[in-house]
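Subject: Structure for you to look at

Hello,

Here is the structure I said I would pass on. Please open it next to this email and follow along.

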Amino acid sequence: LINPWARSTGFGGANTAYVNGVEAMNLNIAGLSAVNKTELYYSNVALFSGAGISMNSLAFGQRVGEQSVFGLAVTSMSFGDIPITTTTNPSGGQGTFSPQFLNLAISYARSFSKSIHAGGSIRIISESISNASSQGVSLDAGIRYITGDYDRLKFGIALRNVGPKMTYSG
C-alpha cells in the first residue's frame, strides 16, 4: 500500500480522481487511460532516512489503439541487513538477514468516451524474511468520470488490493 510516486504521495492520495498516466496504477487505475503514447517512470525512495530501507519502482504504460492502454509496474523494497536476535541472545551476533518485498502489477485501462474511463490490475505479491515467505494475488479496479467546463470536474472511484489473505509458511 506504500505509494512510490512523489506527486500523488504529496497529495496524500487525495487526487484519486485526478491522477493520470502510469502514476495512476497505485491510486485509481482508470487514470492509466490518459497515457498518450508511451510512459516510463522510475523512482527510488529512501524510507525512514538512515534506517537502510529503500523502495525501487519501475512503471511502463503503452497506448495500444485509440482507447486502450496496457501497463506494467514492478516495485521492490529492501530493508537492509538486520541482525538476527533471539530471546536468549537479544544483542545479536548470529549473523544477519534481509527481508524482501516484490510487487508486480499488470494493468489495462480503457476510455469508453471523452468522459468515462475505467481500468483494472492484477497484482502478484511476494514477501520473505529469513525463515518465512508468502505469495499472493490482489485485484484493483477503478472508474473515473470527467465533466464540466474545460473538464475541470472529476469523480473517481477506486477499489484496491482485493484478494485472499496472505499466509506465511516456512
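How many helices and how many strands does the chain have? The chain has one helix and nine strands. Please keep in mind that this is a predicted model. Reading from the N terminus, the order of the elements is α-β-β-β-β-β-β-β-β-β, with the helix ahead of the strands.

Some overall values come next. Along the principal axes, the C-alpha atoms fill a box of roughly 65 × 30 × 25 Å. The chain has 170 residues, and 34% of them count as buried. The accessible surface is about 9,900 Å², and carbon and sulfur atoms hold 60% of that surface. Among contacts with a separation of 6 or more, 48% join residues that are 24 or more positions apart. As for charge, there are 11 positive and 8 negative side chains. The centres of these two sets lie 6 Å apart.

Now the pocket. The largest pocket has a volume of about 420 Å³. Its lining is made by 24 residues, and those closest to the centre are Leu1, Phe101, Asn103, Arg123 and Asn161. Which elements give two or more residues to this lining? They are strand E3 (68–78), strand E6 (100–111), strand E7 (116–128), E8 and E9.

Asn161 deserves a second look. Asn161 lies in strand E9 and has a relative accessible area of 31%. Is Asn161 buried, exposed or partly exposed? Buried means under 20% and exposed means over 50%, so Asn161, at 31%, is partly exposed. The backbone of Asn161 has a positive phi of about 55°, although the residue is not a glycine. Most residues other than glycine have a negative phi.

Tyr150 is another residue of this kind: its phi is near 55°, a positive value in a residue other than glycine. Where is Tyr150 found? Tyr150 sits in the loop between strand E8 (133–147) and strand E9 (153–162). With a relative accessible area of 72%, Tyr150 is exposed.

Asp149 lies in the loop between E8 and E9 as well. At 64% relative accessibility, Asp149 counts as exposed, because the cut-off for exposed is over 50%. The C-alpha atoms of Asp149 and Thr9 are separated by 27 Å, and the two residues are 140 residues apart along the chain.

There is also a cavity. The count comes to one cavity of 30 Å³ or more, and about 30 Å³ of space lies in the largest cavity. The residues that line the largest cavity are Ala24, Met25, Asn26, Leu27, Asn28, Ile29, Asp140, Ala141, Leu159 and Arg160. E8 and E9 are the elements that give two or more residues to this lining.

Asn26, one of the lining residues, lies in the loop between helix H1 (6–10) and strand E1 (38–47). Is Asn26 buried or exposed? Asn26 has a relative accessible area of 12%, which is under 20%, so Asn26 is buried. Leaving out residues up to four places away in sequence, Asn26 touches Ile2, Asn3, Pro4, Trp5 and Arg160. Between Asn26 and Asn3 there are 6.2 Å in space, C-alpha to C-alpha, and the two are 23 residues apart in sequence.

Arg144 is found in strand E8. Why does Arg144 count as buried? Its relative accessibility is 4%, and the cut-off for buried is under 20%, so Arg144 counts as buried. Which residues does Arg144 touch, not counting residues up to four places away in sequence? They are Ala17, Tyr18, Val19, Asn20, Ala30, Gly31, Ala34, Ser115, Ile116, His117, Phe155 and Gly156. Ser78 is 66 residues from Arg144 along the chain, and their C-alpha atoms are separated by 34 Å.

The last residue to find is Phe48, in the loop between E1 and strand E2 (53–63). Phe48 is exposed, with a relative accessible area of 63%. Phe48 and Ala34 are 14 residues apart in sequence and 33 Å apart in space, C-alpha to C-alpha. Ala34 is also one of the residues that Arg144 touches.

Regards

Notes: Residues are numbered from 1 along each chain as its sequence is written. This is a predicted model: local features need pLDDT of at least 70, side-chain atom pairs count only at pLDDT 80 or more; totals for chains, interfaces and linings use all residues. Side-chain values use heavy atoms; hydrogens and water are left out. Helices (H or I, at least four residues) and strands (E, at least two) are DSSP runs, numbered from the N terminus. Buried means under 20% relative accessible area, exposed over 50%, partly exposed in between (1.4 Å probe, protein chains only). Contact means heavy atoms within 4.5 Å. Accessible areas come from the Shrake-Rupley method with a 1.4 Å probe; for residues, only the protein chains shown count as cover. Lys and Arg count as positive and Asp and Glu as negative; His and the chain ends are not counted. The place of a charge is taken as NZ of Lys, CZ of Arg, CG of Asp or CD of Glu. On a 1 Å grid over the protein atoms alone, a cavity is a set of points where a 1.4 Å probe fits but cannot get out, and a pocket is an open set with protein on both sides within 12 Å along at least five of seven lines; lining residues have an atom within 4 Å of a point. Grid points are joined across faces, edges and corners, and a volume is the space filled by probe spheres set on the points.
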